[in-house]
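Let's walk through how the helices in this chain sit against each other. Have the structure open and follow along.

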Amino acid sequence: MASVASQIIFHPTVSQGLKFGGTTLGRDKTYRAIQYFARFFSWYLLNKGDKLEAARWTALKGHLATARKLMRLGKPLEHLQAALRASLSSGPFEETLITIARQIGYFGYLTYDAIVWANSIKFITLSPETSKKAAKRAFQFWFAGIVFSLIHGVLKAARLARESKALGESKVWGEKDLAEEAARETRLSAVEAARKDNSQQLIIDLLDVWIPATGAELLNVNEGVLGIFGLISSILGAKAQWRAVNGKK
């Protein structure tokens with residue numbers, strides 16, 4: 001019995017899961033997936049008329065949202081640093097400009113998000129009207145950040161496609177050019193990996209954009225759809241973090 005327990009506890013997947021959960025991003029993606037599942041499931045239960053059970057899932061959703069806000073404290077400065085680094089980079093001008101705008105959008109979102117969190121735990125006191133305005137402004141900045149991220153993703157996808165095509169057409173022949181061909185193959189592999197990552201981020205952004213658009217009152221998507229979209233994007237983000245932590249492709 002002890003041997004079976006040891007095999008389970010020390011199983012490689014368990015170890016990888018602990019390594020994944022040991023990162024802030026890994027925990028956040030896990031909490032986010034549960035939060036958005038709870039958002040969907042509470043909507044589903046309410047539609048069935050089960051208000052008591054729905055209240056449990058609504059409470060879970062709310063508490064996870066508050067916990068995740070706490071985990072994001074300090075991140076506005078990260079996005080300001082990212083914007084500054086982008087402004088000093090030598091990348092394509094259009095992509096650089098959009099990257100700066102995206103990072104400023106996320107800075108604004110997370111700054112207002114921190115204010116909403118501080119008010120929710122009664123560390124500061126805002127009037128209901130001011131609290132609602134702060135939450136709406138956070139959604140507006142989040143929406144802007146995702147829109148700029150989508151634009152950046154499209155520009156980057158086009159650039160990488162051109163680069164991939166150029167590398168594919170420049171294949172070197174002959175034994176004397178083996179080193180040059182190896183370098184081309186290495187660069188081509190890097191470009192294809194970047195295209196794959198960029199495509200996944202585009203999918204995540206396309207799923208997530210509806211959440212702040214609804215919160216900012218630009219659209220009116222129901223809670224069930226938002227819950228499913230948020231759940232799927234959370235799983236995609238968690239898979240990317242799992243690969244980054246555990247080195248799995």
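## α5 against α6

Start with helix α5 (residues 75–88), which packs on α6 at an angle of about 165°, the two axes being 8 Å apart. Angles over 145 degrees count as roughly antiparallel, so α5 is roughly antiparallel to α6. This is a predicted model, by the way, so read everything here as computed from it. The crossing of α5 past α6 is left-handed.

Who makes the contact? From α5 come Lys75, Pro76, His79, Leu80, Ala82, Ala83, Ala86 and Ser87. Facing them from α6 are Thr96, Thr99, Ile100, Gln103, Tyr106, Phe107, Leu110 and Thr111. Sorted by class, that gives nine nonpolar, six polar and one charged residues. If the spacing of those numbers looks regular, here is some background: an α-helix has 3.6 residues a turn, so residues three or four places apart point the same way.

## α6 itself

How does the span of α6 compare with what its 28 residues should give at 1.5 Å a residue? The expected span is 40 Å and the end C-alpha atoms are 41 Å apart, so the two agree. Just past the end of α6, look for Lys122, which has a positive phi of about 65°.

## α6 against α7

On to the next pair. Helix α6 (residues 93–120) packs with helix α7 (residues 128–169) at about 155°, with 7 Å between their axes. That angle makes α6 roughly antiparallel to α7, and their crossing is left-handed. The contact of α6 with α7 is made up of 16 nonpolar, eight polar and seven charged residues.

## α7 against α8

α7 also meets helix α8 (residues 178–208): their axes come within 9 Å and cross at roughly 155°. Parallel or antiparallel, roughly? The angle makes α7 roughly antiparallel to α8, and this crossing, too, is left-handed. Break the α7 and α8 contact down by class and you get 12 nonpolar, five polar and eight charged residues.

## α10 and its ends

Now jump to helix α10 (residues 223–246), which has 24 residues. At 1.5 Å a residue α10 should span 34 Å, and its end C-alpha atoms are 34 Å apart, so expectation and model agree.

Both ends deserve a look. At the N-terminal end, Asn222 acts as the cap for α10, with a side-chain oxygen 2.9 Å from the backbone nitrogen of Gly224. After α10 comes Gly247, which has a positive phi, near 70°.

## The whole chain

Zoom out and count: the chain has 10 helices and zero strands. Reading from the N terminus, the order of elements is therefore simply α-α-α-α-α-α-α-α-α-α, given that helices and strands are numbered from that end. Along its principal axes, the C-alpha trace of the chain spans about 75 × 60 × 35 Å.

Key. Residues numbered from 1 in each chain as written. Predicted model: local features only at pLDDT ≥ 70, side-chain atom pairs only at ≥ 80, totals over all residues. Heavy atoms only, no water. Helix = DSSP H or I, 4+ residues; strand = E, 2+ residues; numbered from the N terminus. Expected span 1.5 Å × (residues − 1). Polar contact = N/O pair within 3.5 Å; in protein donor to acceptor, adjacent residues only side chain to side chain. Axes fitted to C-alpha atoms, helices over the stretch in contact; angles between N-to-C directions. Parallel < 35°, antiparallel > 145°, perpendicular 65-115°, else oblique. Left-handed = near helix turned anticlockwise from the far one by under 90°. Nonpolar A, V, L, I, M, F, W, Y, C, P; charged D, E, K, R; others polar. Contact = heavy atoms within 4.5 Å.
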